[in-house]
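This report covers the surroundings of a ligand and the enclosed spaces of a structure. Please look at the sequence and model first.

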Amino acid sequence: MFDFLKSPILTFQEFISLAGRATINIVRRPFYANDMMIQMDVIGVGSLPITVLIGFFSGAVMALQMSRALSQYGATGQVGQITAITLVREMGPVLTALLVAGRNASGIASELGSMKVTEQIDAMRALGTDPVKKLVTPRLLAMCCTLPLLTILADMIGIIGGFIVAVPMLRLTTTEQYWNNAWRSLEYNDIAQGLLKPLVFAFIIALVGCLYGIRTTGGTQGVGRATTQAVVVASVWIFVFTFLITRVFVNL
Amino acid sequence: MSSSVLKFENVSLSFDGVENVLDNVSLEMHAGDTLIILGAAGAGKTVMVKIALGLLGSTSGRITLFGQDVTKFTEPQWFTIRPRIGMLFQEGGLFDSLTIEENVAYPLVNRTKMTAEQAKPKVEEALKFVELGHTLDKFPSELSGGMRRRVGIARAAVSDPDLLLYDSPTAGLDPITANRIMALIIQEREIRNATSAIISHRFQDGHMMANFRYNPESKKLERMPEDSPLRQRTRFLVMHDGRIVFEGNERELDASRDPYVSKFSMHRSIH
Ligand SMILES: Nc1ncnc2c1ncn2[C@@H]1O[C@H](COP(=O)(O)OP(=O)(O)O)[C@@H](O)[C@H]1O
Ligand SMILES: [Mg+2]
């Protein structure tokens, strides 16, 4: 009767088991530091330009949207606060994560998927290397290091984007007031959830990408399927978790 | 009787949704044996050798390697026994991101304490053996299908394993390249004296393994004498839908009247 639940539950089980093994391997020898550096370059440096772009426009569009609402209440001076808070709490982490999911969950899934269907992963095991240690752990660590940094960058660029719209463009407020307002409004709570979210998303993106890659079956077609699934599944989980984390922080 | 290398006792495997990919398979290989595993695509040949290497687990049955019961081995335990087995993968399994030299050195550098420098002479020798001494710095994507197969053979054999498993070494190759690969495998068998299992869907491959040996003096393949012990030790196995439907020597294979089995024998045209 509940047969339709079997496959998602099995997948979830595999996910948890992979997460456990990948995490334990962080403290076990050997360390593949070189692989981690390469991944940090692929994920972090590779995502820089697009993070800057997306960050800038999300901040700009926030300020633009808010300008009308705020002027209705005669509160245009608050534009800095609103931009900063929405960016740091929500938009920065989620947009950056979705972007990196699109770029790198797919990249990881297709890379590991091709390795799976060409039996490189089997060969690795046959030749004495644990694929989780060699492939999954470096990607997980690289993602956990780079995604929070990318998010901070997106937040900062976004606040600058909001500034450009609010001050030189629409003259909603003064330069000094915008920055003061933006800076003062951020509380410990905002920063904490703004940094916890990218860390959780990093886990989701790296592990979903790796899981769908490693599970690939059915040749080249299978690689395409795994890639698409990884992006969709990672994106959905990002939204679920941003809700859950926000739910917790709202009450703090 | 020489020692048992590999033993399957009633080994079965079902995947989620696919029943009996292997169905009650029993077989045994002794040191110095050559086993030729024939069967159509999807018969379970790859699955069988992957179970022998611990890359897949069995659902039931008992597996013994070098006299050791490995049925319940954990992955770290498998890491201790896999160095004794060399495998050529059907899809190649060469690491895209490594050069040919690094690929062939991988089993040596990764499993022993050898450095890349120390491994180099052995790597060069293994590659020269498969006539690819000039490709050290190339990447797998720069080689042809037949060349990649030969690199795979070099990597499987470089660490002098006691058991060599070749998964479909001639699949997808033209007849000339395929025969060249088979000649290399026969040469490898003669020189390393390893126990070998060869998966194939071509009856010619089995025929070559069963009838030819490599003569190190003349450096040529030659027909084995009728009473050669190697001939006695070459057995054929035909698989169909996860089951072993035939086991025996070449004469018995040729004599088989079973329509499926005879598709893999030299005299299949008679039927
Ligand atoms: N990971 C897997 N999950 C489900 N079915 C599989 C898996 N691997 C192999 N099979 C199935 O097992 C059967 C035997 O496959 P295989 O051993 O690769 O055949 P072959 O004899 O051509 O090497 C096929 O029907 C294949 O679809
Ligand atoms: Mg196969």
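Which element gives the largest share of the lining of the second largest cavity? H1(B) does, with three residues. This is a predicted model, in which local features need pLDDT of at least 70, side-chain atom pairs count only at pLDDT 80 or more, and totals for chains, interfaces and linings use all residues. Residues are numbered from 1 along each chain as its sequence is written, chains are lettered from A and ligands numbered from 1 in the order in which they are written, and side-chain values use heavy atoms, with hydrogens and water left out.

The second largest cavity holds about 60 Å³ of space. Its lining residues divide into eleven nonpolar, no polar and no charged, and they include Leu6(B), Phe8(B) and Met48(B). A cavity is a set of points on a 1 Å grid over the protein atoms alone where a 1.4 Å probe fits but cannot get out, and lining residues have an atom within 4 Å of a point.

The largest cavity has a volume of about 80 Å³. S6(B) supplies the largest share of its lining, three residues.

H1(B) also gives the most to the shell around ligand 1, again three residues. Oxygen atoms of ligand 1 make these polar contacts (pairs of N or O atoms within 3.5 Å):

| Residue | Partner atom | Distance |
|---|---|---|
| Gly42(B) | polar backbone atom | 2.7 Å |
| Gly44(B) | polar backbone atom | 3.0 Å |
| Thr46(B) | N or O atom in the side chain | 2.6 Å |

Note on methods
A polar contact is a pair of N or O atoms within 3.5 Å; within protein, one must be able to donate a hydrogen and the other to accept it, and residues adjacent in sequence count only if both atoms are side-chain atoms. Helices (H or I, at least four residues) and strands (E, at least two) are DSSP runs, numbered from the N terminus. On a 1 Å grid over the protein atoms alone, a cavity is a set of points where a 1.4 Å probe fits but cannot get out, and a pocket is an open set with protein on both sides within 12 Å along at least five of seven lines; lining residues have an atom within 4 Å of a point. Grid points are joined across faces, edges and corners, and a volume is the space filled by probe spheres set on the points. Ala, Val, Leu, Ile, Met, Phe, Trp, Tyr, Cys and Pro count as nonpolar, Asp, Glu, Lys and Arg as charged, and the others, Gly among them, as polar.
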